[in-house]
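Got the viewer open? Here is a short tour, one selection at a time.

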2 protein chains.
Amino acid sequence: MLSQKTRYAIRALQHLADHHGEGPVPLTDIAETQKIPAKFLTVILSELSREGLVDTQRGRDGGYWLALSPIDISYGDIVRLTRGSLALTPCASRFAHESCTNCLPESECRLHRIMLRVRDETARVLDSISLAEPVSLDI
Amino acid sequence: MLSQKTRYAIRALQHLADHHGEGPVPLTDIAETQKIPAKFLTVILSELSREGLVDTQRGRDGGYWLALSPIDISYGDIVRLTRGSLALTPCASRFAHESCTNCLPESECRLHRIMLRVRDETARVLDSISLAEPVSLDI
DNA sequence: CGTAATTCTATTATTATAGTAGACAATAGC
DNA sequence: GCTATTGTCTACTATAATAATAGAATTACG
């Protein structure tokens, strides 16, 4: 499962994508529209800023905006950044691979091979959709 | 991510599939071969037994065995039983649907639609593989 | 009966998650 | 320069989930 925090991050980024090119969007705007607890959102947006996904400006008329064009940010990127991995087991992660605790060697683990396939399919879907996508019911 | 417990459950069931038709397999056999803490495995196998996936016999020469033929147990079934859902968000679960907390209505939530697609792809993979599969590197 | 096995209930330790508090820093506009 | 506004950072807390253990109870075979 994606954590609540990851879900908030994605919806916040969607909101910024919707207002891309309109200058800084204040945090309270995002919080209210997307129903995200404001204080928690400060933590989330600060992390996204540190990771280079959003730019910020302090002070009056400050706020947040996407550091890249929406079309250049895929859902796969976001999940990898906020959650660390798309995979369902540590051993199946491509970019954050770890061996599972108390497991057989990967070469003997049937679950490992299955999880690689699930990860590949998940990546195929999430890497093909960007924040620019309207994501209507029929895509 | 799948929990450690779910991963143990899957590997335990694989072990039982490997010895299907050979009578009761004692818990310690499974624990040793699969490197699963024995006491924890009792909890896991008891649950699988309550859910009807394995049958058990107590006492001397007792143990566990699959209640169904390995070919009739898919990885999708196992994950749904032990984890509740294949989906990455509560709102994207087909059999254990819940609305996400602090979310927009599902009809307006772009993330919801994306997660439905990921769940469908995950289900396609996991429902197509059964415990009878050797799951070699090339399938 | 005795031994080898599973079963059940309860408990614990650890970690992750979700969220809050409050001091601090920067900026724009008057 | 003042001040209101807005983001930043560190620390903290409460709750829940996870992983695992303890120990008594039950069953069944011989």
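Start with the aromatic rings: a search of the whole structure, which is a predicted model, turns up two aromatic pairs over all chains. For one of them, select A:Tyr8 and A:Phe40: the ring centres are 5.9 Å apart and the planes meet at 85°, so this pair is edge-to-face. A:Tyr8 belongs to helix H1 of chain A and A:Phe40 to helix H3 of chain A, so the pair ties together parts 32 residues apart in sequence. Try a surface view here: A:Tyr8 counts as buried at 3% relative accessibility, while A:Phe40 is partly exposed at 33%.

Now hop over to B:Tyr8 and B:Phe40. Their ring centres are 5.8 Å apart with the planes at 85°, so this pair is edge-to-face. B:Tyr8 sits in helix H1 of chain B and B:Phe40 in helix H3 of chain B, so parts 32 residues apart in sequence are tied together by the pair. B:Tyr8 is buried, with 2% relative accessibility, and B:Phe40 is partly exposed, with 32%.

Next, zoom out to both chains. How does chain B lie on chain A? A turn of 180° with a shift of 0.0 Å along the axis lays chain B on chain A with an RMSD of 0.1 Å. The two copies are thus related as by a two-fold rotation axis. The same surface serves both copies, with 100% of the contact residues of chain B recurring in chain A.

Back to chain A: select helix H3, residues 38-50. Its 13 residues should span 18 Å at 1.5 Å a residue, and the end C-alpha atoms are indeed 18 Å apart. Show the side chains of A:Leu41, A:Ile44, A:Leu45 and A:Leu48, which are buried in H3(A). Look down the helix axis: the buried residues of H3(A) fall within an arc of 95°, so they line one face. An α-helix has 3.6 residues a turn, so residues three or four places apart point the same way.

What do the buried residues of H3(A) pack against? Colour helix H1 (4-18), helix H2 (27-34), strand S1 (54-57), strand S2 (63-66) and helix H4 (75-83) of chain A to see their partners. Then flip to the face turned away from the buried side of H3(A), where you'll find the exposed residues A:Lys39 and A:Arg50. Just after H3(A), A:Gly52 has a positive phi of about 85°.

Stay in chain A for two loop residues. A:Asp61, in the loop between S1 and S2 of chain A, has a positive phi of about 60° although it is not a glycine. A:Asp61 is exposed, at 64% relative accessible area. Then pick A:Asn102, in the loop between H4 and helix H5 (110-127) of chain A: phi is near 55°, again positive in a residue other than glycine. A:Asn102 is partly exposed, at 36%.

Finish in chain B with the hairpin. Strands S1 (residues 54-57) and S2 (residues 63-66) of chain B run antiparallel, joined by four bridges. B:Asp55 stands opposite B:Trp65 in S2(B). Five residues lie between the strands of this hairpin, where B:Gly59 takes a positive phi near 75°.

Last stop: B:Pro26, in the loop between helix H1 (4-18) and helix H2 (27-34) of chain B. B:Pro26 is partly exposed at 32% relative accessibility. Leaving out residues up to four places away in sequence, B:Pro26 touches B:Gly62 and B:Gly63. Draw a distance between the C-alpha atoms of B:Pro26 and B:Gly63: they are 4.1 Å apart in space but 37 residues apart in sequence.

Methods
Residues are numbered from 1 along each chain as its sequence is written. Chains are lettered from A and ligands numbered from 1 in the order in which they are written. This is a predicted model: local features need pLDDT of at least 70, side-chain atom pairs count only at pLDDT 80 or more; totals for chains, interfaces and linings use all residues. Side-chain values use heavy atoms; hydrogens and water are left out. Copies are superposed by least squares on the C-alpha atoms of residues with pLDDT of at least 70 in both. Contact means heavy atoms within 4.5 Å. The expected span of a helix is 1.5 Å times one less than its number of residues. Buried means under 20% relative accessible area, exposed over 50%, partly exposed in between (1.4 Å probe, protein chains only). The arc is that of the directions from the helix axis to the C-beta atoms. Two strands pair if DSSP finds at least two bridges between them. Rings of Phe, Tyr and Trp (its six-membered ring) pair if their centres lie within 6.5 Å; planes under 30 degrees apart count as stacked, over 60 as edge-to-face and the rest as tilted.
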